[in-house]
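Biologist: I'd like a close look at a single part of this model rather than a tour of everything. Could you pick one helix and walk me through its neighbours?

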Amino acid sequence: MNITRVEGYRRFCNKLWNMARYVEASLDADTSRVPEPLTTADHWVMRQLSDATNRIGSLLDAYRYSDASDLMYHTIWDDVADWYLEASKDKAGQGMLAWVLETCLKIAHPFAPFVTETIWTTLKWDKELLIASRWPEDVKYSVIAAAEFEQVQELVSRFNVGEEGEF
C-alpha cells in the first residue's frame, strides 16, 4: 500500500467536492443540465469530456481499470478543474456548468462511488441515485472553437511568472 497514492486520491476526492460546491453555488434551483456552449472553453471542455467518456467506457469494457482511472483523474483534475473552471469564472452558462459537473461525477463514479453518490444526493437534481443514471452520451461541439481554446492554453502555458510577479 502506497501512502502517497492514498493521499493523492484523498486530494482528488476533495477536488471533486470543491468543484461541486463551486458549481452548486453558481446554479439556480431549476437549472437545466443541457450544455449550451457560449465560449471556446465550453466547446473545448465538451470535447474533452466526450472523448474521455468514450475512452473510459472502452477501457472499462476491456478490463483496463488502471488506465481508465488515470484518464478519469487527469481529465477531471487537469482539464476541468485546472482549465475549464478557471475559464468559466469569467463567463459560463448555468446549464453548461451543471452538465460538466454531472459528467464528471458520472465518469468518476466507477472509481469513487461513495464520494460521487454523496455529492450527487446533496445536489438534489434527481430523485434517482447516480448509480442508476445513464452513462454520458456524446454531445455536439465546435471543433474549431475547441481548437481556439487550445491556442489560448498554449499561450498561457508559455508564460512563466517571474520572481517579482512580472511576465
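Modeller: Here is a walk around helix α3, its aromatic contacts and its surroundings. The model is predicted, so local features need pLDDT of at least 70 and side-chain atom pairs count only at pLDDT 80 or more, while totals for chains, interfaces and linings use all residues. Residues are numbered from 1 along each chain as its sequence is written, and side-chain values use heavy atoms, leaving out hydrogens and water.

Helix α3 covers residues 65–88 (helices are DSSP runs of H or I, at least four residues, numbered from the N terminus). Let's start with the rings. The structure holds six aromatic pairs (ring centres within 6.5 Å, taking the six-membered ring of Trp; planes under 30 degrees apart are stacked, over 60 edge-to-face, the rest tilted). One of them joins Trp83 and Phe149, edge-to-face, with 6.3 Å from centre to centre and 90° between the planes. This pair links distant parts of the chain, since Trp83 belongs to α3 and Phe149 to helix α6 (residues 143–158), 66 residues apart. The two partners are covered to unlike degrees: Phe149 is buried, with a relative accessible area of 6%, whereas Trp83, at 25%, counts as partly exposed (under 20% is buried, over 50% exposed, in between partly exposed, with a 1.4 Å probe and protein chains only).

Elsewhere, Tyr73 and Trp77 join Tyr9 and Phe12 in one aromatic cluster. Trp77 has a charged companion too: the charged end of Lys15 sits over its ring, 4.6 Å from the centre (NZ of Lys or CZ of Arg within 6 Å of the ring centre and within 35 degrees of the ring normal). A similar arrangement is found at Trp17, where the charged end of Arg21 is placed over the ring, 4.5 Å from its centre.

Next, the helix that α3 crosses. Helix α1 (residues 3–26) and α3 have axes that come within 11 Å and cross at roughly 40° (axes are lines fitted to C-alpha atoms over the stretch in contact, with angles from 0 to 180 degrees between N-to-C directions). The two helices are therefore oblique to each other (under 35 degrees is roughly parallel, over 145 roughly antiparallel, 65 to 115 roughly perpendicular, the rest oblique). In passing α3, α1 makes a left-handed crossing (the near helix is turned anticlockwise from the far one by less than a right angle).

Within α3 itself, Thr75 is worth a look. This threonine is found in α3 and counts as buried, at 4% relative accessibility. A polar atom of the Thr75 side chain lies 2.7 Å from the backbone oxygen of Leu71.

Now step back along the chain to Tyr63, in the loop between α2 (40–61) and α3. Most residues other than glycine have a negative phi. Tyr63 has a positive phi of about 60° although it is not a glycine. In contrast to Thr75, which is buried, Tyr63 counts as exposed, at 63% relative accessibility.

On the other side of that loop, α2 has a helix partner of its own. The axes of α2 and helix α4 (residues 94–108) come within 11 Å, crossing at roughly 20°. These two are therefore roughly parallel to each other, and α2 passes α4 in a left-handed crossing.

Definitions and conventions: Polar contact = N/O pair within 3.5 Å; in protein donor to acceptor, adjacent residues only side chain to side chain.
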